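Dear colleague,

Please find below the structure I undertook to pass on to you, together with its sequence. My notes on it follow directly after.

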Amino acid sequence: DSSDLTSVQKFLSKNRVAPNVEYSGVAKGKNVFIIHLESLQQFMIDYKWDGQEVMPNIDKLYHSSDTLSFDNFYNQVGQGKTADAEMMLENSLYGLPEGSAMVMDGTTNTFQAAPAILDQQGYTTAAFHGDVPSFWNRDNTYKSWGYDYFFSKSYFANGNKASYNLGYGMKDKIFLKDAAQYVQQLPQPFYAKLITVTNHYPYIIDSQNESIKPFNTGDSTVDPYVQTARYLDQSVGEFMSWLKKSGLEKNSMVVLYGDHYGISNNHKPAIAKLLGKKKVTNYDLANFQKVPFMIHMPGLKGGIKHTYGGEIDVLPTLLNLLGVKNTDTIQFGSDLLATNRKQTVAFRDGDFVSPTYTKYGGDYYDSTTGKQLKKLTATQKRTVNDMQNYVTNSLAASDKVINGDLLRFYQPSGFKKVIKGAYNYKKSAA
Ligand code: GP9
Ligand code: MN
């Protein structure tokens, strides 16, 4: 009930961090692109294989002086995978300990999500995905989040041709090219989310798009990952050139993120080979949960930032850049550019990473050396306990918000409740 909301608010106000004022509003009024890089992991940045740079386009963006890049940014998903990533990115709420919140609560719950917040700032909002709209219950959840438009497969002229599809939907290059046609017609400023799919297990690539050899770990689940990652990189490269050519780049902020690991912890020998190690520890596996996170905008004061953060922190970061007031929202992350961030990053199972200590698979490590701490000193114990409490309480409070549908009792000042019935994503007959 609403007394649960009071305890959540207490927790949040105790942990609230002021955003970086130097960056406040630098992207005010810009179009926003959220480019979801399916299963893309941070270790692939600057990775060389087969005598080549695997992802030259994404690497170039990563190192651009107009890009804010983060090299300690973690995926924090649970069983909901992509859906958990979307939930965190656009609501700063964690996915649930089991199942997918988008599926279980996306239709009925009240949310105060990025599309609704920006819609109320005069933005047009649209999501794009080259598969059926029901996957992860997106068609219902997006209404609750206030998306004006949801362009799924049936909207694309090429969407249903077998040769234009691979794995989970339309091939990324075709999808992004077709989506651009719609993007171009959106009234500005707009917020557009583009969800790629080709770099998804089992990493199927067709011969005409093969441009690099598979890895040679001998693990057939892992080896083709590099081929679809290369394809994703080319797709992003083509999209970015279109953006420049169209003239949209100069008034847009482009956010790119990897949603979760592509190579799961069930493939330790292969992971060791890819990282050039004899064996992987739980510390290596914790590091392996890093995913790319980049914000690109002409004129942005960029650079590679080392702050520890994750998907939960994206929305507060973006709202600060966009100059949108964000002082009384129910959000569990904090601005990645804030100077006094907590930097304890929660994994969905209660493990965590931080600049000092890492807990993964129940083991503790010194984050700076990677050395396992088999026995903690009293001081270490205290620090680690504080971190654990923060992580446990944060996850529990977020779960309370979703399980209790607590946002129905709350409205940030100036925020208008989303009317789900106002949205209809069905393609009307031509
Ligand atoms: C399907 C795609 C994949 O629509 O988003 O979801 P995932 O399996 O990565 O959660
Ligand atoms: Mn995914």
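The notes below cover a sheet with a helix packed on it, and then two pairs of helices. Please bear in mind throughout that this is a predicted model.

The sheet

The sheet is open and consists of 8 strands with mixed pairing, arranged in the order β7-β6-β10-β1-β11-β12-β4-β13. Its edges are formed by β7 (149-151) and β13 (303-305), each of which pairs on one side only. On average, and with direction ignored, neighbouring strands are turned by 15° against each other.

At the β13 edge, the partner strand is β4 (residues 67-70), and the two pair in the parallel sense over 3 bridges. Within this pairing, S69 stands opposite I304 of β13.

Helix α6 (residues 138-145) packs on the sheet, where it touches β6 (124-129), β7 and β10 (190-195). The direction of α6 makes about 155° with that of β10.

Helices α7 and α8

Helix α7 spans residues 172-183 and helix α8 spans residues 225-246. They pack at an angle of about 25°, with their axes 9 Å apart. Because angles under 35 degrees count as roughly parallel, α7 is described as roughly parallel to α8. Their crossing is right-handed.

On the α7 side, the contact is made by D172, K173, I174, L176, A180 and V183. The α8 side contributes Y231, L232, Q234, S235, V236, E238, F239 and W242. Sorted by class, this contact of α7 with α8 has 9 nonpolar, 2 polar and 3 charged residues.

Helices α1 and α12

The second pair consists of helix α1 (residues 2-15) and helix α12 (residues 378-403), which pack at an angle of about 140° with their axes 10 Å apart. That angle makes α1 oblique to α12; the label of roughly antiparallel is kept for angles over 145 degrees. The crossing of α1 and α12 is left-handed.

Which residues make this contact? From α1 they are D4, S7, V8, F11 and N15, and from α12 they are Y390, N393, S394, A397, K400 and V401. By class, the contact of α1 with α12 has 5 nonpolar, 4 polar and 2 charged residues.

To set the two pairs side by side, α7 and α8 cross in the right-handed sense, whereas α1 and α12 cross in the left-handed sense.

With kind regards

Methods: Residues numbered from 1 in each chain as written. Chains lettered and ligands numbered in written order. Predicted model: local features only at pLDDT ≥ 70, side-chain atom pairs only at ≥ 80, totals over all residues. Heavy atoms only, no water. Axes fitted to C-alpha atoms, helices over the stretch in contact; angles between N-to-C directions. Helix = DSSP H or I, 4+ residues; strand = E, 2+ residues; numbered from the N terminus. Parallel < 35°, antiparallel > 145°, perpendicular 65-115°, else oblique. Left-handed = near helix turned anticlockwise from the far one by under 90°. Contact = heavy atoms within 4.5 Å. Nonpolar A, V, L, I, M, F, W, Y, C, P; charged D, E, K, R; others polar. Pairing = 2+ DSSP bridges.
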